[in-house]
Amino acid sequence: MVGLNIQAIFAKATTAVEFMYDKKATIRRQMAVVKENGADGMEWVPIHEGVPCRLSNPGLNNTNQSEANVIKYDVKLFLSSEFEVKAGDEITIHILKGDQIVSSVDYESSKEPFVYVSHQEVLLVRKEFA
């Protein structure tokens, strides 16, 4: 009986998922810093840049709030499980044409990622006004 090499199976699954990555991400996290005047503060610091990824839009919810029409996007981000993503990280998705960034979209927050051997999935929320 031939034994299955589970690592080889996972490697093939990872390669198949990464083949679909068509965007790049910048992941920022709030970090404690010391300002020039010596005061303590918090700043958004890039943790990972140029991360290959893919987006999926599982739902679009439009809601009326007072007089403004708020558009709320629920987006799922797929990326390698090698990159640490934490709840609350800010993530900018860069849309590419070839190797050039043609536009970028900022997301306000992320939730805890679902980490798998082949990839991870991060739920993102983007809010805009129509």
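A residue is called buried here when its relative accessible area is under 20%. By that criterion, buried residues account for 31% of the 130 residues in the chain of this predicted model. The accessible surface of the chain amounts to about 8,800 Å², and carbon and sulfur atoms hold 53% of that area.

The chain contains 1 helix and 8 strands. Read from the N terminus, the order of elements is α-β-β-β-β-β-β-β-β, with helix 1 covering residues 6-18. Contacts across the sequence are also worth a look: of those between residues at least 6 apart, 54% join residues at least 24 apart.

Strand pairing offers a good way into the fold. Strand 1 and strand 4 run antiparallel to each other and are paired over 6 bridges. Within the structure, isoleucine 27 faces isoleucine 91, a residue of strand 4. Strand 4 is also paired with strand 5, again in the antiparallel sense, over 7 bridges. Here isoleucine 95 has serine 103 of strand 5 opposite to it. The connection between strand 4 and strand 5 is a hairpin with 2 residues between the strands, and glycine 98 in the turn adopts a positive phi of about 70 degrees.

The interior comes next. In soluble globular proteins, nonpolar side chains tend to be buried together. In this model the largest nonpolar core comprises 14 residues, and Leu77, Leu79, Ile91, Ile93 and Leu124 are those with the most contacts inside it. At least two residues of this core are supplied by each of strand 1 (23-34), strand 2 (40-65), strand 3 (68-79), strand 4 (90-97), strand 5 (100-107) and strand 8 (120-129). Strand 3 provides the largest share, with 3 residues. Ile91, one of the residues with the most contacts inside the core, is also the residue that stands opposite isoleucine 27.

Charged side chains were examined as well. Side chains of opposite charge can pair when their charged atoms come close. Across the whole structure, 7 salt bridges are found. Aspartate 22 takes part in a salt bridge with lysine 23, where the closest N and O atoms lie 3.4 Å apart. Aspartate 22 also forms a salt bridge with arginine 54, at 3.2 Å from N to O. This second pair links distant parts of the chain, since aspartate 22 sits in the loop between helix 1 and strand 1 while arginine 54 belongs to strand 2, 32 residues apart. Both partners are partly exposed: aspartate 22 has a relative accessible area of 35%, and arginine 54 is at 30%.

A further salt bridge joins glutamate 121 and lysine 76, with an N to O distance of 3.5 Å. Because glutamate 121 is in strand 8 and lysine 76 is in strand 3, this pair ties together parts that are 45 residues apart in sequence. The two side chains differ in burial class: glutamate 121 counts as buried because its relative accessibility of 14% falls under the 20% limit, whereas lysine 76, at 24%, is partly exposed. Through shared partners, salt bridges also join Asp22, Lys23 and Arg54 into one network.

Nonpolar residues appear at the surface too. Ile6, Ile9, Phe10 and Val117 make a nonpolar surface patch of about 330 Å². Of these residues, phenylalanine 10 is placed in helix 1 and is partly exposed, at 30% relative accessibility. Valine 34, in strand 1, is another nonpolar side chain to note. With a relative accessible area of 62%, valine 34 is exposed, because the class begins over 50%. When residues up to four places away in sequence are not counted, valine 34 touches Ala39 and Asp40.

Technical notes: Residues are numbered from 1 along each chain as its sequence is written. This is a predicted model: local features need pLDDT of at least 70, side-chain atom pairs count only at pLDDT 80 or more; totals for chains, interfaces and linings use all residues. Side-chain values use heavy atoms; hydrogens and water are left out. Patches are made of residues with over 30% relative accessible area and no salt bridge: like charges are joined within 9 Å, nonpolar side chains (Val, Leu, Ile, Met, Phe, Trp, Tyr) within 5 Å. Accessible areas come from the Shrake-Rupley method with a 1.4 Å probe; for residues, only the protein chains shown count as cover. A salt bridge is a side-chain nitrogen of Lys or Arg within 4 Å of a carboxyl oxygen of Asp or Glu. Helices (H or I, at least four residues) and strands (E, at least two) are DSSP runs, numbered from the N terminus. Buried means under 20% relative accessible area, exposed over 50%, partly exposed in between (1.4 Å probe, protein chains only). A nonpolar core is a set of buried Ala, Val, Leu, Ile, Met, Phe, Trp, Tyr and Cys residues joined through side-chain atoms within 4.5 Å. Two strands pair if DSSP finds at least two bridges between them. Contact means heavy atoms within 4.5 Å.
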